[in-house]
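Biologist: Please take a close look at the aromatic rings in this model. I would like the pairs, their geometry and their surroundings.

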Amino acid sequence: MSETMSTSEENKLPLNGRRAIPPNYSNDEENEVPEMEAFGLIPRGFNPRDYLRVVDIYMFKEPYEINKQEHHTDKYYNPKLIVRRGQAFQIQIDFNRPYKPESDQFWLEFLMGRYPQQNKGTYIPILIGNVLKPGQWGAKIIHRENNSIRLSIMSSTTCIIGKFRLYVAVLTPFGILRTRRNSATDTYILFNPWCQLDAVYLDDEKEREEYVLNDVGIVFHGNVEDVKSRSWSYGQFEENILDACLFLMDKAELELSGRGNPIKICRVASAVINSRDDNGVIAGSWSNMYDYGVAPSAWTGSVDILLEYYSSKQPVRYGQCWVFAGVFNTFLRCLGIPARLITNYSSAHDNNANLRLDFFLDDDGKVDTRLTKDSVWNYNCWNEAWMTRPDLPVGFGGWQVVDGTPQETSDGMYRCGPASVQAIKHGHVCFQFDAPFVYAEVNGDIFYTRIEKNGTQVVENIDTTRIGQLIVTKEVGGDGMMDITEEYKFREGSDEERLALETAVMYGVKKQSIQDTTYQPQTDVDMDFQAQKAVLGNDFKVTITFRNKSRNTYNATAYLSGNIVFYTGVTKSEFKKHSFSAKLQPSSSSSFDVVIKSSEYMSDLLEQASFHFFVTARINETGKILAVQKAVALEVPTLRIKTKGELVAGKETSVIVEFTNPLKQTLENVTLRLEGPGVLRTIKKQFGRIPMNSTLTWEVRFTPMRPGLRRLIASLNSDALRHVYGELNVQIQKP
């Protein structure tokens, strides 16, 4: 054995006692396919040229030709044939002479990976028949002319997704003759939401256009009182993106044979999108320090990130939740799985999944940051992917939550999902994967607990409505917001909601009962907190209102704490402390204004320009504590984008990006980015500084490639100011 197999190639095979062939999880690797596979000894006079021989194969792979048109793949910027599974496509074979069905026999072979095997779906021989059966591999001749035949080929609806190599095999008496390896005939096969038998079938054409074919989207951010939106370029059809997405499955070491299953693909992708524990695509950073990388807020889309990862094979720095979700969405839509980006406002990050977020107060009613471990994210973005769930009981298919943001480990890796939205709504959190975690993100209660000197815990206040009070996604066919809260939960306080909660608890979601703690709230006084619209760099005021519903006069000692926070609810610094006393007359309301000066917050401001106010008040007569918290996001200036002259495909034109610095300080280290899927590749430009009140103008010349309605997206990033965006819809005319 050692003498015959001494080549380095054979030594590398990681054979072991458990498997006959090594693991097969690279779509890129190939095996050698013999052009002549002899049945035995070949007689001396044998000349392969005497037999039927393939001269050429024509794939109809141009965007305007039948295959890409009928398979909705004409937008892919890729020269090879791309089709969707379970739907017929056509190829033409030119032979050296007319094909004679009575004596000639040939078949097609689709191969994937280095160890093709028929039972694994990586070697697919297709014989020529008379009829095509729906959802099964087959081929039939639909046209014959001179030396050419045209075939209609049907792929299986459970076929694996990826890039196949095509060979044509011809039978001769002495062996099989095959075509030479030709990468021009490589065929990509994708999921097919247009096919009723596919696991990702979606029955609404407008939804398919949005969730599969739309290459730009909207990310909703800010907070529940002040919803903000920005565009994101998914760019799933851009050059090399399809190959980059297939590479992610290789990177995640998903066996080729498992790649026909959207559940498996989503599960491994949610782990490989983040760099924790597997050197995946994006390194997360929530520190406001982005040395040697790009600030998460500066990205305008997924393309740069995926292409950088595909070429460097190293995590791209840096991302936060909307970046993970944006890239995940590109991956799913690119492979043909319908997907959408979701924002959950006031998202609970509960460190022990007990549906209870504990905010601990000290004796004065101030939040004790040392003891408080749970946090409420102003918003969290994740994705939903559309598929059937044959692994669950009937009724739990449809939208599934998948989340690439690294928050908690699941089966030992940072990943989340797919979890059925329907199961989350009804509390059936026993169904895989990670439903309890998502259930807690949208359903927790906030407990304000005061710890007395002797260590007793007294619950002062319970807020049951704040967590997950608004869950949204982009509307179909427009840029507006669609409220999908009701898909995740029943109306707050309804019987169905209580029943879903009891079901979730029965299935093991931990919920501490209120009986465990002493809780007697102050019911006859309400406290409310409102903030004036706050513009970055300006002063604004906040108002605390007490409503005394009793017949008693009360005296309250109130404390306001203003904190600069990451959007994850984690405090960076307290910039405002304000205590005051309030006399509350019976059956009346009283309001107190507090002015927040820009000089108090500007020096410490973080990129999301987000504040978190805690107000606590002790009623002196009863010793009871009222507590309220609120997130306030500042209005950030926007970029202006305009075009010069008319926009015609193939003709050079220019676009102008403008920005006026509204701050009372000079902006340093300014970077602008501009991109538009199908219009122009990302362009970056560095500017040293922008003095206060001055305007920066940047003109970019470019040549739009394709006609149609397109979108330009720009971002500005600097040391003192981030999350500045601009966008413009442009209509590109036909030449």
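Modeller: The aromatic pairs come next, followed by charges over rings, a helix and an annotated site.

This is a predicted model, where local features need pLDDT of at least 70, side-chain atom pairs count only at pLDDT 80 or more, and totals for chains, interfaces and linings use all residues. Residues are numbered from 1 along each chain as its sequence is written, and side-chain values use heavy atoms, with hydrogens and water left out.

A search of the whole structure gives 32 aromatic pairs. Rings of Phe, Tyr and Trp (its six-membered ring) pair if their centres lie within 6.5 Å; planes under 30 degrees apart count as stacked, over 60 as edge-to-face and the rest as tilted. Take Phe-95 and Tyr-99: their ring centres are 6.1 Å apart and their planes meet at 25°, so this pair is stacked. Both Phe-95 and Tyr-99 are buried. Buried means under 20% relative accessible area, exposed over 50%, partly exposed in between (1.4 Å probe, protein chains only).

Phe-247 and Tyr-309 make a tilted pair, with 6.0 Å between centres and 50° between planes. This pair links distant parts of the chain, 62 residues apart: Phe-247 belongs to helix α4 (residues 241-251) and Tyr-309 to helix α6 (residues 303-312). Helices (H or I, at least four residues) and strands (E, at least two) are DSSP runs, numbered from the N terminus. Both Phe-247 and Tyr-309 are buried. Ring pairs also join Phe-529, Phe-540, Phe-575, Tyr-601, Phe-611 and Phe-613 into a cluster.

Now the charges. Lys-313 lies over the face of Phe-247, 4.7 Å from the ring centre. The charged end of Arg-356 sits over the ring of Phe-447, at 4.0 Å from its centre. The test is NZ of Lys or CZ of Arg within 6 Å of the ring centre and within 35 degrees of the ring normal.

Phe-447 falls within the run of strand β23 (residues 445-451), which also holds Asp-445. Asp-445 counts as buried, because its relative accessibility is 12%. UniProt, in an unreviewed entry, places a "binding site" at Asn-443, Asp-445, Glu-492 and Glu-497. These positions spread over 55 residues of sequence yet cluster in space, with a largest C-alpha distance of 13.5 Å. UniProt positions follow the numbering used here, feature names are shortened, and annotations may be inferred rather than shown by experiment. Glu-497 is in helix α11 (residues 495-506). Glu-497 is buried too, at 10% relative accessible area.

Finally, helix α5 (residues 262-272) is mostly covered, with ten of its eleven residues buried.
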